[in-house]
Amino acid sequence: MIGCYTPGTGWLHRLPAGWKLLGLAVLATVLVAVRHPATVAGAVVAVLAVTVAARIPIGILLAQVRPLRWVVAVLVPFQVWTTGWENAVVIVGTLVVTVAAAGLVSTTTRVSEMLDVLGRALRPLRRLGVDPDRVSLLLALAIRAVPVLTETAQQVNAARRARGLERSPRALLVPFVIRSIRHAHQLGEALAARGVDDT
């Protein structure tokens, strides 16, 4: 879901990030606290209604939950076999609906806006020695690292195939680790040059 923001002018795009994150937290809390198939069904209807009202293509929402298809394929029969179909609906439905709702948030909210909300929420913890700006920066770097590492893995894998070493894990892991460490080192130098590591 990282980096899947889609520009738009609908009401959900205009809604402040804090309210969207609060709504996501409330939805997840209700689904976990009220473990019933009817609750899951209501949440599905609510997510679909918000998607349609916000004029977000259903395909975008499906793209958020598509990576879960293998998890669902394994989890559903296992839960039905061990705990019954109702519990299977609750567990799998909660997972899928929560991811779909989180997809709505990430599709209509810039990462910078979510990090700003987190920074404001953490301000009261300054008294305990927590620096909200550093926490937000850490999360921003972690989010940015995901596509960077993904691209690195793709490049290394392409180079491995070009050398005819598709079956060699070492040909993938060694260059990937080296490039990742190099990227981390360069990032650390850039942050140090900007005085981020100053206390």
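In the predicted model, helix α5 is followed by G84, a residue whose phi is positive, near 100 degrees. The helix that precedes this glycine comprises residues 69–83, and its geometry can be checked against its length: at 1.5 Å a residue, the 15 residues should span 21 Å, and the end C-alpha atoms are 20 Å apart, which agrees. Q79 lies in α5. With a relative accessibility of 10%, Q79 falls under the 20% limit and therefore counts as buried. When residues up to four places away in sequence are disregarded, the contacts of Q79 are with G84, N87, A88 and I91. G84 thus appears in two roles, as the residue with positive phi that follows α5 and as a contact of Q79.

A positive phi is also found outside glycine. R55 has a phi near 60 degrees, although R55 is not a glycine. This residue is placed in the loop that links α3 (37–53) to α4 (58–65). The relative accessible area of R55 is 78%, and because this value is over 50% the residue is classed as exposed.

At the level of the whole chain, the secondary structure consists of nine helices and zero strands, giving the pattern α-α-α-α-α-α-α-α-α along the sequence. The chain has 199 residues, of which 25% count as buried. Among contacts between residues at least 6 apart in sequence, 66% join residues at least 24 apart.

One helix pair was examined in terms of its axes. Two packed helices are described by the angle between their axes and the distance between the axes. For α2 (residues 17–33) and α6 (residues 85–108), the axes come within 10 Å and cross at roughly 180 degrees. An angle over 145 degrees counts as roughly antiparallel, and α2 and α6 are therefore assigned to that class. On the α2 side the contact is formed by K20, L21, L24, L27, A28 and L31, and on the α6 side by T94, V97, T98, A101, A102, V105 and T108. By residue type, the contact of α2 with α6 contains nine nonpolar residues, three polar residues and one charged residue.

In soluble globular proteins, nonpolar side chains tend to be buried together. In the present model, the largest nonpolar core has 18 residues, and V47 and V97 are those with the most contacts inside it. Helices α2, α3, α4 and α6 each supply at least two residues of this core, with the largest share, seven residues, coming from α6. V97 is also one of the α6 residues in the contact with α2. Apart from its neighbours within four places in sequence, V97 is in contact with L27, L31, V40, A43, V44 and V47. Of these partners, L27 and L31 are among the α2 residues that make the contact with α6.

V90 is a further residue of helix α6. Its relative accessibility is 4%, so V90 counts as buried. With residues up to four places away in sequence left out, V90 touches R35, H36, P37 and V40. V40 is thus a contact of V90 and also a contact of V97. The C-alpha atoms of V90 and T39 are 8.3 Å apart in space, while the two residues are separated by 51 residues in sequence.

Note on methods: Residues numbered from 1 in each chain as written. Predicted model: local features only at pLDDT ≥ 70, side-chain atom pairs only at ≥ 80, totals over all residues. Heavy atoms only, no water. Helix = DSSP H or I, 4+ residues; strand = E, 2+ residues; numbered from the N terminus. Buried < 20%, exposed > 50% of the residue type's maximum accessible area, 1.4 Å probe, protein only. Axes fitted to C-alpha atoms, helices over the stretch in contact; angles between N-to-C directions. Parallel < 35°, antiparallel > 145°, perpendicular 65-115°, else oblique. Contact = heavy atoms within 4.5 Å. Nonpolar A, V, L, I, M, F, W, Y, C, P; charged D, E, K, R; others polar. Core = buried A, V, L, I, M, F, W, Y, C linked by side-chain atoms within 4.5 Å. Expected span 1.5 Å × (residues − 1).
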